[in-house]
There are 2 protein chains.
Amino acid sequence: MKTPEELVARFRKQGYKVTPQRQLIFRLLNGNTAHPTAETLYEVAAQQMPGISLRTVYQTLSELSAMGEVQHIDLGSGAVRFDPNVDDHHHLVCSTCGVVHDVYVNQTPLHFEGDVEGFAVHSTRIVFSGECARCAHLSA
Amino acid sequence: MKTPEELVARFRKQGYKVTPQRQLIFRLLNGNTAHPTAETLYEVAAQQMPGISLRTVYQTLSELSAMGEVQHIDLGSGAVRFDPNVDDHHHLVCSTCGVVHDVYVNQTPLHFEGDVEGFAVHSTRIVFSGECARCAHLSA
DNA sequence: TGATTATCAACAAGTCATGCTAGCTAACAG
DNA sequence: CTGTTAGCTAGCATGACTTGTTGATAATCA
Ligand SMILES: [Mn+2]
Ligand SMILES: [Mn+2]
Ligand SMILES: [Zn+2]
Ligand SMILES: [Zn+2]
């Protein structure tokens, strides 16, 4: 994702107004590695800006997603998560606490076997599930 | 997944009654490579057994899932899909028509890099997205 | 300053999945 | 064969997540 300053410029250029709400969300996403849901991002935002609406958070995330500034990741466990890291990367998910980490896989493109003649692969999504070190430690 | 006959035995052994509805679902899933949703499975079932309820389809799929006879796959696009293939395999999804194919990846376990010391990986899920041959042909 | 757009609140709707009730029916043990 | 029990269906409700709508207010930016 671009920096908050670059996003301000980009929004203005596209005819979107630069509101305090949008700027707040830009800042909260900047360098954010937590893979937050709209809801959790809203909670953090509401602390710094009481009165901001969940609807606006969803709206701004959709705009950023449409612009390719964030990706939205469906890990198949509840709400969609948003990721300002738009590099080619994959995810490691702790089944216990739900924490999500970025990981990079070098063996791509992967080879596969199957009855799928003529299929053109455009993207590959890998999710590793397991138990993080902290959860392993707590349950020991 | 076990054969319908084996499932009948297994259900009986666990104290579950063997009803025509359950047996129909066993048969519809047997060798099924379509990765159906509960809804689509219900539609097929209802043709052969008018009056069967969607609730019962969901219920039986949950039971089979709890028994490990089917896996449920969340591809992040709408409803969960059910898969009687419980081998270690992955999926290829056409972004256009939504068809899902089984694929087998040999390079597992995959290596990855990232700041994830001590994480114990229990499972890996790979989804390849792209365009199937039929959709490529139609759009050409 | 003025036109445009965003925001908010409140409410609705849609999708997917599950829960609950009541009454009827069917399975299976004895 | 029969009684007990479980499962079935219809109908309605709930829940999580997400998006749409409307109308009033406020802020942005040319
Ligand atoms: Mn990420
Ligand atoms: Mn499969
Ligand atoms: Zn954990
Ligand atoms: Zn296709």
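Of the atoms of DNA strand C that lie within 4 Å of the protein, 81% belong to sugar or phosphate, and the rest belong to bases. Please keep in mind that this is a predicted model, in which local features need pLDDT of at least 70 and side-chain atom pairs count only at pLDDT 80 or more, while totals for chains, interfaces and linings use all residues. Residues are numbered from 1 along each chain as its sequence is written, chains are lettered from A and ligands numbered from 1 in the order in which they are written, and side-chain values use heavy atoms, with hydrogens and water left out.

Staying with DNA strand C, 17 residues are around it, and among those that come nearest are Lys17(A), Thr19(A) and Val80(B), where a residue is near a strand if one of its heavy atoms lies within 4 Å of it. As for polar contacts, which here are pairs of N or O atoms within 3.5 Å, the side chain of Ser53(A) places an N or O atom 2.9 Å from a phosphate oxygen of DNA strand C, and for Arg12(B) the corresponding distance to a phosphate oxygen is 3.2 Å.

Let me turn to DNA strand D. Here 78% of the strand's atoms within 4 Å of the protein belong to sugar or phosphate, and 17 residues surround the strand, with Tyr58(A) and Ile52(B) among the closest. A polar side-chain atom of Tyr58(A) lies 2.7 Å from a phosphate oxygen of DNA strand D, whereas Lys17(B) brings a polar side-chain atom to 2.5 Å from a base oxygen of that strand. Lys17(B) also has a polar side-chain atom 3.4 Å from a base nitrogen of DNA strand C.

Conventions:
A polar contact is a pair of N or O atoms within 3.5 Å; within protein, one must be able to donate a hydrogen and the other to accept it, and residues adjacent in sequence count only if both atoms are side-chain atoms.
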